[in-house]
Amino acid sequence: MSSPRPRIVFGLMPWPERQAIASALRTETVGGLVLLAAAVIALIWANTPFSGAYEAIRDFHFGIPALGLDLSVGHWTADGLLAVFFLVAGIELKRELVVGELRTPATAALPVIAAVCGMAVPAALYAMTAGLGGGSLDGWAVPMATDIAFALAVLAVISTHLPAALRAFLLTLAVVDDLGAILIIAVFFTSDLNLWALGGAFAGLALFYLLQRYRVRGWWWYVPLGIAIWALMYHGGVHATVAGVAMGLILRTTRDKGEKTSPASRVSHLLHPFSAGIAVPLFALFAAGVSISGPALAQVFTSPEPLGVVIGLVVGKVIGIFLGTYLAARFTKAELNPDLAWADVLGLSVLAGIGFTVALLIGELAFPGQATGEHVKAAVLIASVTAAVLAAVLLRRRNALYKRLYEEENVDADADGIPDIYQRGEADQPAAQHN
């Protein structure tokens, strides 16, 4: 009897999973390019003679004062628009848990261990740097998150043909990172709790669940209820973006008989372009406008808090994700795809040091209205650019290999829309292609 083939890390993905991942990545890539443009505009605008106009728009208040929702533009983008981003993140997390890489312990072990290590090591390095320098430990969570949209935008700009399995791994890492960020925001960044409002938010979520459970359809039920849950969560003292992810996790991801798509898929299809192309870039526009003068940049490398963020993202992410991936593969007795090398995992680990959106949000929550907060924002920008440049150098060196693998994965000689590699018998497929 022949011995079973070992599980291959970064082998060929199942075709349905690859289709779903490709669709999500296309939207994220376009959104990432818009995000990149918004960040550049913010930096230029905030460092020109027109910076006063930038601050005036960012700090302009509007809303419904009677409901306690008279917020600044910057506040609306962070608490309001990012709730849509976290709603989409919640849907993606649930999809991964139900039908994706996180559905079984065997497939979940690698990305989860890598992501957890990729969060723990940056946090530890920040704490060590800030502690030794006599700084505040409040920013320990800032360097923990990976910005998938920004990372994919970098891949698009450098025109790399990164194999689908590596892109999927990066996406799954970011999904687990988002879950970690959500838990951190919910647990550690709460203001004075209003138990009545919080109770109302949980009651709204229970009603949301019942509507899904009993297959009630119609946006006129869900949109007003979602807005009410968001407002109650905001007044309850828990960051309002938590409402978004909670609703995303409640949405049904499985199809009933006769349904073409699940409710979660329909909502994601509608909101993902808005989230990636409008909500997140607008948040970046009003969060990334920091001073890049000589003295301001010097503060990044001389103050313990921003220095800890830079070290956490640029060094901590690499150590955490690379070692986490390597150890997970070794302990699960998996083998690396022979077409790839650990240098490819290193390049991906460096790319994951792009922290941007969630890092900026946590920076605002950790240091509200403080000069340190502006320095931490600058540190996130510098670290993200540094990680992007280093990753571009590492990944471009391997692009000839990536291009060959990409072409092999996409050969469709019979033009039936399914790559030929998925239509071979198992005996004809190389071992590296089996997960």
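Helices (H or I, at least four residues) and strands (E, at least two) are taken here as DSSP runs, numbered from the N terminus. The model is a predicted one, in which local features need pLDDT of at least 70 and side-chain atom pairs count only at pLDDT 80 or more, whereas totals for chains, interfaces and linings use all residues. Residues are numbered from 1 along each chain as its sequence is written, and side-chain values use heavy atoms, with hydrogens and water left out.

A starting point is helix α1 (residues 15–46), in which L35 has its place. With a relative accessible area of 1%, L35 is buried, where buried means under 20% relative accessible area, exposed over 50%, and partly exposed in between (1.4 Å probe, protein chains only). Apart from residues up to four places away in sequence, L35 touches D147, A149, F150, V280, P281, A284, F356 and T357, a contact being heavy atoms within 4.5 Å. Between L35 and I354 the C-alpha to C-alpha distance is 13 Å, with their positions 319 residues apart in sequence. Helix α1 also holds A22, which at 29% relative accessibility counts as partly exposed; the C-alpha atoms of A22 and A151, 129 residues apart in sequence, are 15 Å apart in space.

I354 appears again in the surroundings of T146, a residue of the loop between α4 and α5. T146 counts as buried at 4% relative accessibility, and, when residues up to four places away in sequence are not counted, it touches A174, D177, K317, A352 and I354. With A352 there is also a polar contact, as the side chain of T146 reaches the backbone oxygen of A352 at 2.8 Å; such a contact is a pair of N or O atoms within 3.5 Å, where within protein one must be able to donate a hydrogen and the other to accept it, and where residues adjacent in sequence count only if both atoms are side-chain atoms. The loop between α4 (105–132) and α5 (148–157) contains W140 as well, but W140 is partly exposed, at 26% relative accessibility. Leaving aside neighbours within four places in sequence, W140 is in contact with A123, Y126, I184 and F188.

Further along the chain, helix α7 (residues 195–213) has 19 residues and reaches 26 Å from its first C-alpha to its last, close to the 27 Å expected at 1.5 Å a residue, the expected span being 1.5 Å times one less than the number of residues. Its buried residues are A197, L198, A201, G204, L205, F208, L211 and Q212. Seen down the axis of α7, these buried residues fall within an arc of 130 degrees, so they line one face of the helix; the arc is that of the directions from the helix axis to the C-beta atoms. What covers them includes α8 (219–235), α9 (241–250) and α10 (263–287), while the face of α7 turned away from its buried side carries the exposed residues L195, W196 and F202.

The two ends of α7 can be described in turn. At the N-terminal end, N194 acts as a cap, with a side-chain oxygen 3.1 Å from the backbone nitrogen of W196. Just after α7, R215 takes a positive phi of about 60 degrees although it is not a glycine. R215 is found in the loop between α7 and α8, and is partly exposed, with a relative accessible area of 38%.

Aromatic side chains offer another route through the model, which holds twelve aromatic pairs. Rings of Phe, Tyr and Trp (its six-membered ring) pair if their centres lie within 6.5 Å, and planes under 30 degrees apart count as stacked, over 60 as edge-to-face and the rest as tilted. The rings of F62 and W76 have their centres 5.6 Å apart and their planes at 25 degrees, so the pair is stacked. F62 lies in strand β2 (residues 61–64) and W76 in helix α3 (residues 73–98), so the pair ties together parts that are 14 residues apart in sequence. W230 and Y234 form another stacked pair, at 6.0 Å centre to centre and with 15 degrees between the planes; both lie in helix α8, four residues apart, about one turn of the helix. W230 is buried, with a relative accessible area of 11%, whereas F62 is partly exposed, at 42%. F62, W76, W230 and Y234 form one aromatic cluster.
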